[in-house]
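Dear colleague,

I am handing over the structure below, and after it you will find an account of what turned up when I went through it. Please read the two side by side.

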Amino acid sequence: MKKIISLILAMILIVSFSLFALASGESETVDQGSGKVQSSDKESNIGVYKVEIEGCRLAPATGFQDKDVVIVKYKFTNNGDEPASFMFAFDENVYQNGVGLNETFFVDDSANYDSGNQTKEIKTGASLEVEAAYELNDSTTDIEVEVKELFSLNDNVVKKTFSIK
């Protein structure tokens, strides 16, 4: 029950901040660069949170649909007043040729992949590295990662493109 109340309060807080940002007329798109670079020193504020798209790596094909998988690594910092989790703070999408990739939890690289941090709550001021896996449509086309606030009326988005060749 406490988590539900906390989630509802967090949504109210997020909507309040979003309406304030919308009223101020500010919209920002942050592009963290592209290429084979596996990390970036640029962090971007999205609402009351900070997110960095740190890098990605390929994982072996999964047994589920025998598709190659890309694992994207994020760094999430909570600057809000309440504990929050990556999963309930952000809407992240990965694209190839403009087509969204399906998130997967069936990764043959499971010894090196941990999706558990997506749902861990962190307190104000804390940071956490989070990984999410996505099935690739093909193994040669670049991927574009986009992260925006889950409950928001503004257009703030963090983007980064990776070459997976």
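The protein chain holds 2 helices and 12 strands, and the model is a predicted one. Read from the N terminus, the order of its elements is α-β-β-β-β-β-α-β-β-β-β-β-β-β. The chain has 165 residues, of which 40% count as buried, and its accessible surface comes to about 9000 Å², with 52% of that area belonging to carbon and sulfur atoms. Among the contacts with a separation of 6 or more, 68% are between residues 24 or more positions apart.

Strand 4 is a good place to begin with the details. This strand, residues 69-78, is mostly covered, since 8 of its 10 residues are buried. Strand 4 pairs with strand 3, which spans residues 49-59, in the antiparallel sense and over 10 bridges; within strand 4, K75 is the residue that stands opposite E52. Strand 4 also runs antiparallel to strand 10, to which 9 bridges join it, and here I71 has A133 of strand 10 as its bridge partner.

Next come the aromatic side chains, where a search of the whole structure finds 6 aromatic pairs. One of the pairs is formed by F76 and F86, whose rings are edge-to-face, at 6.0 Å centre to centre and with 75° between the planes. Because F76 lies in strand 4 and F86 in helix 2 (residues 86-89), this pair ties together parts that are 10 residues apart in sequence. Are these two residues buried or exposed? F76 counts as buried because its relative accessibility is 0%, and F86 is buried as well, with a relative accessible area of 1%.

F76 has a further ring partner in F90: the two centres are 5.5 Å apart and the planes stand at 85°, so this pair is edge-to-face too. Since F90 belongs to strand 6 (residues 90-96) while F76 is in strand 4, the pair ties together parts that are 14 residues apart in sequence. Both F76 and F90 are buried. Taken together, ring pairs link Y49, Y74, F76, F86 and F90 into a cluster.

The remaining site that I looked at is T124, which is found in the loop between strand 9 (121-122) and strand 10 (127-135). Which residues does T124 touch, once its neighbours within four places in sequence are left aside? The contacts of T124 are then with N78, N79, G80, D81 and E82. For N79, the separation in sequence from T124 is 45 residues, whereas the C-alpha to C-alpha distance is 5.3 Å. In the case of G80, the backbone oxygen lies 2.5 Å from a polar atom of the T124 side chain. T124 has a relative accessible area of 46%, and because the limit for exposed is over 50% and that for buried is under 20%, T124 is classed as partly exposed.

With best regards

Definitions and conventions
Residues numbered from 1 in each chain as written. Predicted model: local features only at pLDDT ≥ 70, side-chain atom pairs only at ≥ 80, totals over all residues. Heavy atoms only, no water. Phe/Tyr/Trp six-rings, centres within 6.5 Å; stacked < 30°, edge-to-face > 60°. Helix = DSSP H or I, 4+ residues; strand = E, 2+ residues; numbered from the N terminus. Buried < 20%, exposed > 50% of the residue type's maximum accessible area, 1.4 Å probe, protein only. Contact = heavy atoms within 4.5 Å. Areas by Shrake-Rupley, 256 points an atom, 1.4 Å probe, with all protein chains shown as cover. Polar contact = N/O pair within 3.5 Å; in protein donor to acceptor, adjacent residues only side chain to side chain. Pairing = 2+ DSSP bridges.
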